[in-house]
Amino acid sequence: MRDNGAVLFHVLTVGDAMNFRFTSILTAVLFLGTSGCGQYGGGASVVPEVSFVPAELGAANAAASPEAADSESGAEASASGPGTVSGRVVLKDAAPALPMLIKAGADVKDKEVCAAVDIPDERLVVSGDGGVANVFVYLAKAPKGGKPAEKTDEAVLFDQKNCRFLPHALIVPTGRTVKILSDDPIAHNTHTYPQKNDSINSGVAPGDREGILNFSYRRAEAAPLAVSCDYHGWMKAWHLPVDHPYAAVTDENGKFSIPDLPAGTHAFVVWHESVQGNFVERKLSVTVKSGETTDVTIDLPASKLALK
Amino acid sequence: MSLTSRTVRGLTAAVSLLLWQSGCSDFESSFVYSERTQSLITEAQNGMKSKSKDDSGDEAVMPGVKKLVDDRFGSPQHLNAWLKLPIDFGGTAGTIGEVGENNTVVLAFDEASGGSPKAVEMIQILSGDCAGEVVSVSAWNAVTSTATLTTALKAAPKSGDSIVTGGGEVLKNGRSLYQRHCSHCHGTSGDGNGPTAQYLYPRPRDYRHGVFKFTTTNDQSKASREDLARILKQGIAGTYMPSFLLLPDSEIHSLVEYVRFLAMRGEFERRLVNELASDYSQTAVTGRIKGGEKRADILKDLSEFLASDFPDSVTTTGDELAEAWTAADTEDAKVIPSVARVPDSPESRRRGRELYLSKALNCADCHGIYGQGNGPQTTIFEKNPVTNELYPEPGLHDVWDNVNQPRNLTYGIYRGGRRPVDLFGRIHAGIKGSRMPSFKNQPHEDIWHIVNYVLSIPFEVEPGAAAKPAQTAAVTVP
């Protein structure tokens, strides 16, 4: 570096006009080439430092942290016996009339199968008296004093017929095998989009009634996850993996029932695919009395609907 | 007064020298946080103060996503090697044997990690009361494996504490090599958004989903080290990813470990955000406030969540990450055909084409009836299945929100490798992150028939020729 400076100084202070142009160029080249920009951008010339962090980092905090004062989840002793919550989700105003998703005979892909019968638009299914179907009602997490999910080897069945997933809204206990069936003689694939679990994207053998394709969800999700078919883009269903048995989907009349809840106050999540923000309620507070059934009517105003 | 040329030259010299000496100011590079992280409310990103006091009497801080990620992964120039992760950070691992007087300790090194090193200059203590401390070693006796430590430690090291010496070399080399060879496309954080990325199609991989497309593992497994090393050595034909075959194996190893480090960092960050996003993203909170909740109540909820449930989720996420990446390197994760390749023959190719066009598999739906990658699915407009927003361009999209162009099989360019077993793996396991599903339940002979057909497509005299029966000579001998 010092030599360059000395040369530069000498060349600059001696000479004439032509030398001036030459030295300007030389200056520029030397400046760029020898400047202290080696550190720029933390590039390849910088050797980083490495510190080791123990594997149990943060685990100590989890053990030491006090359990949240969860007055919302059945704080009373379960000795007083469980109760039931049942109810309805009702669309108060007139339901928007949704045309058939696919009319029988329509000119869609694989129409001999996918347009063999009328396929309803299941984004919003409302009964004659306003009951909203396919609404998920569930506890965000297992309540204190609640019973664990049923231990069984029986698989949960997820079927498809005439290019329509059956059921449209499915609750899946974590760890249970989900078997994917097909009642169609054509190609389908099942593609899930979970947040906390691994997704699957696999072809389904036509007419498979045994469920050669199967998988399970390891962890409970905060909200239902979308399931679709890549061959037939209109096919859509929702799965909700839960790690407790306190979850239900409303039937075609908008009714649901969740039994064996510990007595106390519980906060329910109410979720529907065609509601703004998807959550009808994030924390619907319901008090359960031992041995009794608490009836709840959940009103859904039409202004909250968002058909996407 | 006019400036003489001599004065001007002198001034130029002085100014140049000044500028040159000062150089550019020190620049500290940093990892970017993903857009998803930045879509959370600030309290979820940066953490909140808890009501309880910690040991030193200060208000404890419940870390948000950013601190949790930084504590475990550090910044590019100050990397943190999180021992839970299945990454070869380099260095020799060992344990403290006996603790002697005068600041001497006997160290025991595993044979598996290279045995007792010849020179030990510093050790980092990983467990026990002195966890995290770095100590210089003034004298190292390789015969008795005794190290004399230069400084007294805050707490007493105990026999059985684990240590590492010379740690981090692989990661350091990986980082330097990555900056030189990879970061201009893949970005400092492995986000596929380096300076040159905007000019490339297809875009460079964004590692932060923890998903790599071209692997030899099954559809539920991550990419193995072997897969990543193969990509480095062979490049990806038909894309801008070049081959780095001229790099020595040790450098390839360092790069693979650093890429896995970046992928795990991105995936860890993403999974933490997934725990929080449904209730505490900015959109969700705005919706909740509109629905009648008060912001103070929402923050109270978040505070309770960060204190009680979130630490467990963080631990579980780390465990699952470690498990998944470790499992990827096992034999069980690989796709192994149960039958040897069906020999290539016109009959096999015809059977392959039958399957290709069959209603059961319908490859033509995306790949086109002649394999030109122009099937009907390339013209549909679809919605993002998670957000339900319509994509602006037609065609199916991959998990990185890029248009997923089905391969034009007539070129004979196969990105994941052109060995028949590579194509077998492509069909069996699908392509992770893309819309190519796995067909793992097809009989393996059928998959080989399709492989034979696909390999013959570039050589067809006319499209679909494989479907026509073999022509016999038209000459009739009178």
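What follows is a conversation between a biologist and a modeller about a structure with chains A and B.

Biologist: What kind of model is this, and how are its parts numbered?

Modeller: This is a predicted model, in which local features need pLDDT of at least 70 and side-chain atom pairs count only at pLDDT 80 or more, while totals for chains, interfaces and linings use all residues. Residues are numbered from 1 along each chain as its sequence is written, and chains are lettered from A and ligands numbered from 1 in the order in which they are written.

Biologist: How many helices and strands does each chain have?

Modeller: Chain A has 4 helices and 17 strands. Chain B has 15 helices and 10 strands. Both terms refer to DSSP runs numbered from the N terminus: a helix is H or I with at least four residues, and a strand is E with at least two.

Biologist: What makes chain B more spread out than a compact globule?

Modeller: The radius of gyration, taken over C-alpha atoms, is set against a globule rule of 2.2 Å times the number of residues to the power 0.38. For the 478 residues of chain B the rule gives 23 Å, and the radius of gyration is 29 Å, well over that, so chain B is more spread out than a compact globule. Along the principal axes, the C-alpha atoms of chain B fill a box of roughly 105 × 75 × 70 Å.

Biologist: What share of each chain is called buried?

Modeller: A residue is buried if 20 or more other C-beta atoms lie within 10 Å of its own, exposed if 12 or fewer, and partly exposed in between, with C-beta atoms placed from the backbone. By that count 38% of the 478 residues of chain B are buried. In chain A, buried residues make up 38% of the 308 residues.

Biologist: Why is Thr151(B) called exposed?

Modeller: Thr151(B) has 11 C-beta neighbours inside 10 Å, so it counts as exposed. Thr151(B) sits in the loop between strand E9 (146–149) and strand E10 (162–165) of chain B. Ser138(B) is 13 residues from Thr151(B) in sequence, and their C-alpha atoms are 9.3 Å apart.

Biologist: How do you know that the length of helix H8 (residues 249–280) of chain B agrees with its number of residues?

Modeller: The expected span is 1.5 Å times one less than the number of residues. For the 32 residues of H8(B) that comes to 46 Å, and the end C-alpha atoms are 45 Å apart, which agrees. H8(B) also bends by about 35° at Asn274(B), the bend being the angle between axes fitted to the seven residues ending there and the seven starting there.

Biologist: What makes H8(B) largely enclosed?

Modeller: Of its 32 residues, 25 are buried, so H8(B) is largely enclosed by the rest of the structure.

Biologist: What about helix H12 (residues 346–357) of chain B: what is its span, and what covers its buried residues?

Modeller: The 12 residues of H12(B) should span 16 Å, and the end C-alpha atoms are 16 Å apart, which agrees. Among its buried residues are Arg349(B), Gly352(B) and Tyr356(B). The cover over the buried residues includes helix H13 (364–367) and helix H15 (444–456) of chain B.

Biologist: How do you know that strand E1 (residues 49–53) of chain A pairs with strand E4 (residues 78–82) of chain B?

Modeller: Two strands pair if DSSP finds at least two bridges between them. E1(A) and E4(B) are joined by 5 bridges and run parallel. Glu49(A) stands opposite His78(B) there. E4(B) also pairs with strand E3 (residues 74–75) of chain B, in the antiparallel sense over 2 bridges, and a hairpin joins E3(B) to E4(B) through 2 residues.

Biologist: What makes E4(B) largely enclosed?

Modeller: 4 of the 5 residues of E4(B) are buried, so E4(B) is largely enclosed by the rest of the structure.

Biologist: Why is one side of strand E14 (255–261) and of strand E17 (293–300) of chain A left without a neighbour in the sheet?

Modeller: The open sheet has 3 strands in the order E14-E2-E17 (chain A), with mixed pairing. E14(A) and E17(A) stand at the edges, each with a single partner strand, so one side of each is left without a neighbour. Strand E2 (residues 83–91) of chain A and E14(A) pair in the antiparallel sense over 5 bridges, and Gly87(A) has Phe256(A) as its bridge partner.

Conventions
Contact = placed C-beta atoms within 7 Å.
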